[in-house]
Amino acid sequence: MNWVPEAASSFAGKVDGVLWFVTVLSIVFFILITVLLIYFSFKYKRKTENDYTPYITGNQTLEIIWTVIPSILLFVIFAYGLIVYKEMRTPPGDAVEVNVTAKQWIWIFKYQNGKSTINELFVQHNRPVKMVMRADDVLHSFFVPAFRVKQDLVPGMYTQLWFNPTKIGTYDLFCAEYCGTGHSQMLAKVYVMSPEAFSRWEKGDEEETTTFASTKSPEELGKDMYSKNGCAACHSIDGSAGVGPTFKALYGKNESLQDGTTIEVDENYLRESILIPQAKVVQGFAPSMPSFKGILTDEEIDALIAYIKSLK
Ligand code: CUA
């Protein structure tokens with residue numbers, strides 16, 4: 001049975017160690033206390049009408065034992081926890097930095113080579129990475145269970161976290177702080193890649209990882225972009241209402257804008273809305289969409305538009 005998530009970082013074993021230590025200790029004491037409680041309640045049961053409780057004023061030996069032993073145990077729990085915590089809060093000097101921005105309801109990652117990705121974090125196997133994180137709007141929380149790391153992102157300040165991924169694979173990243181309607185969809189994937197695959201990705205060979213597998217039609221590609229970039233958090237594809245207008249039958253529709261004018265939804269309007277979302281906001285919706293300028297390439301925007309057009 002899997003009691004804890006997969007262990008995929010250098011912290012996993014240590015965090016689990018502290019967890020199990022405290023858990024097993026608690027279970028041992030729970031059993032000890034419960035068994036004694038039941039045993040004593042039979043042993044010291046009043047047996048006759050004139051069976052008086054003896055008058056006991058104190059027992060120094062017992063009192064010392066039940067003060068000293070728990071104190072030592074508490075100190076051990078504290079020290080053990082502190083040692084692991086200290087390591088988790090101290091990134092090694094050679095850690096690679098990744099800038100993380102959280103906003104309703106996407107994750108944006110910026111790397112030292114200038115690349116940036118949405119809802120996909122690429123890291124190299126066995127190479128420590130440090131996340132320098134901030135929030136654009138409200139509190140969010142960066143949580144990767146397989147790495148045993150969790151840290152809040154706070155508007156107006158930087159927080160940080162580091163880890164060393166020890167297992168190649170794909171892991172879930174959750175937002176672990178309720179941040180509004182799209183919170184439950186604020187999900188990302190962490191890709192732990194071999195050094196070779198990672199340097200291919202770093203050099204910009206997109207085929208390796210994301211967008212341009214040439215076998216895909218623009219529509220299919222757009223569909224990938226839709227789910228990868230967090231569009232789904234706000235824009236439904238089935239006509240249901242969301243934080244933003246639904247994509248179903250959006251293309252060609254006449255939308256009333258907040259300034260009272262109307263506009264026919266065409267390629268130019270879609271493109272503008274992706275790059276400068278606040279330019280023409282549809283009536284009844286808050287201007288809360290983040291700009292995807294510098295995040296999506298022209299080809300990716302083309303693909304998204306093709307996908308939106310296909311949703312009739
Ligand atoms: Cu971001 Cu919950």
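1. Arg 148 is buried, with a relative accessible area of 11%. The cut-off for buried is under 20%. Arg 148 sits in the loop between strand 6 (140–144) and strand 7 (149–153). Its backbone deserves a look: phi is positive, about 60°, although Arg 148 is not a glycine. Bear in mind that this is a predicted model.

2. Asn 119 also has a positive phi. The value is near 55°, in a residue other than glycine. Asn 119 is placed in the loop between strand 3 (116–118) and strand 4 (120–124). Its relative accessible area is 6%, so Asn 119 counts as buried.

3. One cis peptide bond to check joins Gln 104 and Trp 105, with omega about 0°. Trp 105 belongs to the loop between strand 1 (96–103) and strand 2 (106–111). Trp 105 returns in point 6, at a domain interface.

4. The domain assignment splits the protein chain into domain 1 (12–88), domain 2 (96–202) and domain 3 (216–310). The C-alpha centres of domain 2 and domain 3 are 25 Å apart. Their contact takes 12 residues from domain 2 and 11 residues from domain 3.

5. How much area do domain 2 and domain 3 bury between them? The figure is about 950 Å², and 63% of it is on carbon and sulfur atoms. The size of an interface is often given as the accessible area lost when the parts come together.

6. Which three residues supply the most of the area that domain 2 buries against domain 3? Trp 105, Ile 118 and Gln 185 supply 43% of that area, more than any other three residues.

7. Polar links across this interface can be listed briefly. The rule finds one salt bridge between domain 2 and domain 3. It also finds one residue pair in polar contact there, with both residues at pLDDT 80 or more. On the side of domain 2 that touches domain 3, strand 2 and strand 3 are the elements that give two or more residues.

8. Lys 228 and Glu 120 form a salt bridge, with their closest N and O atoms 4.0 Å apart. The rule asks for a distance within 4 Å, so a reader should note how the 4.0 Å of this pair compares with that cut-off.

9. The largest nonpolar core has 43 residues. Trp 107, Leu 121, Met 131, Phe 142, Phe 147 and Phe 163 have the most contacts inside it. Where does this core lie with respect to domain 1 and domain 2? Both domain 1 (12–88) and domain 2 (96–202) give residues to the core, so it lies between them. A separate core has 25 residues, among them Ile 108, Leu 270, Leu 296 and Ile 308.

10. Phe 147 shows what that largest core looks like at one residue. Leaving out residues up to four places away in sequence, Phe 147 touches Ala 8, Ser 9, Phe 11, Ala 12, Phe 163, Pro 165, Tyr 171, Val 190 and Val 192. Phe 163 is, like Phe 147, among the residues with the most contacts inside the core.

11. A search of the whole structure gives 12 salt bridges. In one of them, the side chains of Lys 189 and Asp 172 meet at 2.6 Å, N to O. Lys 189 lies in strand 10 (residues 187–193) and Asp 172 in strand 9 (residues 169–175), so the pair ties together parts that are 17 residues apart in sequence. Lys 189 is partly exposed at 34% relative accessible area. Asp 172 is partly exposed too, at 38%.

12. Lys 309 and Glu 267 meet in a salt bridge of 2.5 Å, N to O. This pair links distant parts of the chain: Lys 309 is in helix 6 (residues 298–310) and Glu 267 in helix 5 (residues 267–275), 42 residues apart. Lys 309 is partly exposed at 30% relative accessibility. Glu 267 is partly exposed at 31%.

13. Lys 253 forms a salt bridge with Glu 255, and the closest N and O atoms are 3.9 Å apart. Is each partner buried or partly exposed? Lys 253 is partly exposed at 34% relative accessibility, whereas Glu 255 is buried at 8%.

14. Lys 103, Arg 134 and Asp 136 are linked in a network of salt bridges.

Notes. Residues are numbered from 1 along each chain as its sequence is written. This is a predicted model: local features need pLDDT of at least 70, side-chain atom pairs count only at pLDDT 80 or more; totals for chains, interfaces and linings use all residues. Side-chain values use heavy atoms; hydrogens and water are left out. A nonpolar core is a set of buried Ala, Val, Leu, Ile, Met, Phe, Trp, Tyr and Cys residues joined through side-chain atoms within 4.5 Å. Buried means under 20% relative accessible area, exposed over 50%, partly exposed in between (1.4 Å probe, protein chains only). Domain bounds come from an automatic or database domain assignment. Contact means heavy atoms within 4.5 Å. Helices (H or I, at least four residues) and strands (E, at least two) are DSSP runs, numbered from the N terminus. Buried area is the accessible area (1.4 Å probe) that two parts lose on being put together, summed over both. A polar contact is a pair of N or O atoms within 3.5 Å; within protein, one must be able to donate a hydrogen and the other to accept it, and residues adjacent in sequence count only if both atoms are side-chain atoms.
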